[in-house]
Amino acid sequence: MTVVGVSLKMYFGHARTTAWCRAVRRIADEHEAVTDGRASLFVLPTFVSIPAALEILSPVVAVGAQDLATRDSGAYTGEVSGAELAELGCTLAEVGHAERKRLQGETPETVGAKTAAALRNGLTPLLCVGEPEQGSPDAAVRACVDQLEAALRPADEAGLGGAVTLAYEPEWAIGRREPAPPSFVRDVARGLREHLDSLPGRAGSRIVYGGSAGPGLLTELGSAVDGLFLGRFAHDPTALRSILDEVNKLWRT
Ligand SMILES: O=C[C@H](O)COP(=O)(O)O
């Protein structure tokens, strides 16, 4: 099963989000990559648009959050708990995105606490890792594995098992015109897969690539990744249709 996910970040208002979700739902309902079970789609709208997105997309397209609180309830003004997200019907929560580290000062400890909060509430963490600057694939794997281990430590210590979806997002490839070179991504994904597969209690974990991903990339990455995590290049919903076409071709080869 190939995963194709989109974060809407804070690009759209509510009306544009719901119109976009309706277009995505139509594509998902019609495309045989989805109806035949070769592709699964997820969407991460803003918190306030989650209920409407669930109404439109669920259960064909999974809906998740772009963030969650480290705690499950209490005096945490402005925060949204994993418990409430799960109650609404979300199935995943993004943690550790480069923009939250850069703009909100999220530390590895926060990312770890949020990863544990997601798992504690039955949400699959969409755990973002990525090296800040372009170097060798080996250096990228080392940096990402360090981030992954730090993120999983609190969950491991609390005995919280469960699969994660690892989003490999090299920071230097986010918000650009082009993604990281496919051969580079394939090399890093191979190293990450080896590590992920060796972790106890994380069976079923998957790796997706994000960072200026768009149509055409999946064909180049092939089975090196389990899918893509898109941002701007999914703002036109028809981009998802062409990526689903690529999924079909991949599964036929
Ligand atoms: O969350 C998604 C990634 O940060 C990628 O965003 P982008 O494709 O717009 O660079």
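Here is a quick tour of the fold, the helix packing, the ligand shell and two backbone oddities.

Keep in mind that this is a predicted model. At its heart is a closed barrel of eight strands, running from β1 through to β8 in the order β1-β2-β3-β4-β5-β6-β7-β8, with parallel pairing. Neighbouring strands of that sheet are turned by 25 degrees against each other on average, ignoring direction. Helices lie across some of the strands, among them α8 on β6 and β7 and α10 on β1, β2 and β8.

**The barrel, seen through one strand pair**

- Strands of a sheet pair through backbone hydrogen bonds, and the pairing can be parallel or antiparallel.
- Take β6 (residues 165-168) and β7 (residues 206-210): the two run parallel and are joined by four bridges.
- If you want a spot to click on, try Tyr168, whose bridge partner in β7 is Tyr209.

**Helices lying across the strands**

- Helix α8 covers residues 182-198 and lies across β6 and β7, running at about 155 degrees to β7.
- Helix α10 (residues 238-252) lies across three strands, namely β1 (2-7), β2 (39-44) and β8 (227-230).
- Against β1, the angle of α10 is about 165 degrees.

**How the helices pack on each other**

Two packed helices are described by the angle between their axes and the distance between the axes. Three pairs are worth a look.

*α7 with α8*

- Helix α7 (residues 137-157) packs against α8 at an angle of about 40 degrees, and their axes are 9 Å apart.
- That angle is why α7 and α8 count as oblique to each other, and their crossing is right-handed.
- From α7, the contact uses Pro137, Ala140, Val141, Cys144, Val145 and Leu148, while α8 brings Phe184, Asp187, Val188, Gly191, Leu192 and His195.
- By type, the residues of this α7 and α8 contact are nine nonpolar, two polar and one charged.

*α6 with α7*

- The other face-off for α7 is with helix α6 (residues 108-120), where the axes are 7 Å apart and the angle is about 50 degrees.
- So α6 and α7 are oblique to each other too, and α6 passes α7 in a right-handed crossing.
- On the α6 side you'll find Pro108, Val111, Gly112, Ala113, Thr115, Ala116 and Leu119, which meet Gln147, Ala150, Ala151, Leu152, Arg153, Pro154 and Ala155 of α7.
- Sorted by type, the α6 and α7 contact has 10 nonpolar residues, three polar and one charged.

*α1 with α3*

- Helix α1 (residues 14-30) and helix α3 (residues 50-57) have axes that come within 9 Å and cross at roughly 20 degrees.
- With that angle under 35 degrees, α1 and α3 are therefore roughly parallel to each other.
- The crossing of α1 and α3 is right-handed.
- Thr17, Thr18, Cys21, Arg22, Val24 and Arg25 of α1 meet Ala52, Ala53, Ile56 and Leu57 of α3.
- The α1 and α3 contact splits into six nonpolar, two polar and two charged residues.

**Around the ligand**

- The ligand has 13 residues around it, and those coming nearest are Ser7, Gly210, Ser212, Gly231 and Arg232.
- The shell around the ligand is a mix of five nonpolar, six polar and two charged residues.

**Backbone oddities to check by eye**

- Ser58 and Pro59 are joined by a cis peptide bond, with omega at about 0 degrees.
- You'll find Pro59 in the loop between α3 and β3 (62-65).
- Lys9 is not a glycine, yet its phi is positive, at about 45 degrees.
- Look for Lys9 in the loop between β1 and α1.

Note on methods: Residues numbered from 1 in each chain as written. Predicted model: local features only at pLDDT ≥ 70, side-chain atom pairs only at ≥ 80, totals over all residues. Pairing = 2+ DSSP bridges. Axes fitted to C-alpha atoms, helices over the stretch in contact; angles between N-to-C directions. Contact = placed C-beta atoms within 7 Å. Near = placed C-beta within 6 Å. Nonpolar A, V, L, I, M, F, W, Y, C, P; charged D, E, K, R; others polar. Parallel < 35°, antiparallel > 145°, perpendicular 65-115°, else oblique. Left-handed = near helix turned anticlockwise from the far one by under 90°.
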